[in-house]
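Notebook open, structure loaded. I'm jotting down what I look up, one entry at a time.

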Amino acid sequence: MGQQKVLLTLFAVLKEPHMALGIMYHPKLYLGGSIQEEKLDRIKKRLEKRPVFSGVFLVSISRNAYDQLEIYEAKQLCQSYYQKYPPYVVGIAGNREEALQLVEQIVTECLRERGDCALKEYLRC
């Protein structure tokens with residue numbers, strides 16, 4: 001009886017992380033230094049199916065009117081909110097520091113090209 005309960009629990013754990021999110025990606029996806037471009041498709045698939053195991057940080061456009069960008073661990077995509085409202089990802093980084101560097105890069109580009117910090121508008125063009 002105990003072994004059957006363990007197997008059922010294991011099955012539930014393995015089944016739960018599978019999800020299909022409708023993550024959208026910026027055409028010019030910003031990548032942190034530790035993210036290899038040749039592995040990008042594999043990372044994206046992992047984000048869609050099993051975000052808890054992806055091990056990356058995401059930079060996405062904020063959904064609220066007060067913020068411009070958000071940085072969070074991909075594990076957070078397991079929350080039900082992201083199933084209803086999938087993120088628009090503009091950058092993928094290996095850690096929080098890399099994600100901050102990506103935001104700095106985006107801000108610098110926006111300032112150089114537009115002369116302002118309207119990041120949402122800049123990234124949606």
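**Entry 1: an aspartate in a loop.** I began with Asp 67, which comes out at 38% relative accessibility. The buried class stops at under 20% and the exposed class starts at over 50%, so Asp 67 counts as partly exposed. A reminder to myself: this is a predicted model. Asp 67 sits in the loop between S2 and S3. What does Asp 67 touch, leaving aside its neighbours within four places in sequence? I get Ser 62 and Lys 120. Lys 120 is 53 residues away along the chain, yet the C-alpha atoms of Asp 67 and Lys 120 are separated by 9.3 Å.

**Entry 2: the whole chain.** Next I zoomed out. The protein has 125 residues, and buried ones make up 37% of them. I count 5 helices and 4 strands in the secondary structure. Along the sequence they follow the pattern α-β-α-β-β-α-β-α-α. For contacts with a separation of 6 or more, 64% come from residues 24 or more positions apart. The accessible surface is about 8,200 Å², and carbon and sulfur atoms hold 54% of that.

**Entry 3: the sheet.** In what order do the 4 strands of the open sheet stand? I read S1-S4-S2-S3, with mixed pairing. S1 (24-31) and S3 are at the edges with a single partner strand each, so each has one side without a neighbour in the sheet. On average, neighbouring strands here are turned by 25° against each other, direction ignored.

I then went through the pairs:
- S1 and S4 run parallel, paired over 4 bridges; Met 24 has Tyr 88 in S4 as its bridge partner.
- S2 and S4 (residues 88-93) are antiparallel, also paired, over 4 bridges; Leu 58 is opposite Ile 92 of S4.
- S2 and S3 (residues 69-73) are antiparallel over 5 bridges; Val 59 has Ile 71 in S3 as its bridge partner.

**Entry 4: strand S2.** I wanted to know how S2 is packed. How many of the 5 residues of S2 (residues 57-61) are buried? The tally is 5 of the 5, so the strand is largely enclosed by the rest of the structure. Checking face by face, I find Phe 57, Val 59 and Ile 61 buried on one side. Leu 58 and Ser 60 are buried on the other, so to speak the flip side, and both faces are covered. Helix H2 (residues 40-49) lies across S2, and across S1 and S4 as well. I noted its direction too: H2 runs at about 130° to S1.

**Entry 5: a glutamate in a helix.** Last stop was Glu 98, in helix H4 (residues 96-114). Is Glu 98 buried or exposed? It is buried, and it has no salt bridge. I looked for the nearest side chain of opposite charge and got Arg 96, 12 Å away. A salt bridge needs a side-chain nitrogen of Lys or Arg within 4 Å of a carboxyl oxygen, so Arg 96 at 12 Å does not qualify. Which residues are in contact with Glu 98, once its neighbours within four places in sequence are left aside? My list reads Gly 32, Gly 33, Ser 34 and Ala 93.

Conventions: Residues are numbered from 1 along each chain as its sequence is written. This is a predicted model: local features need pLDDT of at least 70, side-chain atom pairs count only at pLDDT 80 or more; totals for chains, interfaces and linings use all residues. Side-chain values use heavy atoms; hydrogens and water are left out. Buried means under 20% relative accessible area, exposed over 50%, partly exposed in between (1.4 Å probe, protein chains only). Helices (H or I, at least four residues) and strands (E, at least two) are DSSP runs, numbered from the N terminus. Two strands pair if DSSP finds at least two bridges between them. Contact means heavy atoms within 4.5 Å. Accessible areas come from the Shrake-Rupley method with a 1.4 Å probe; for residues, only the protein chains shown count as cover. Axes are lines fitted to C-alpha atoms, for helices over the stretch in contact, and angles run from 0 to 180 degrees between N-to-C directions. Lys and Arg count as positive and Asp and Glu as negative; His and the chain ends are not counted.
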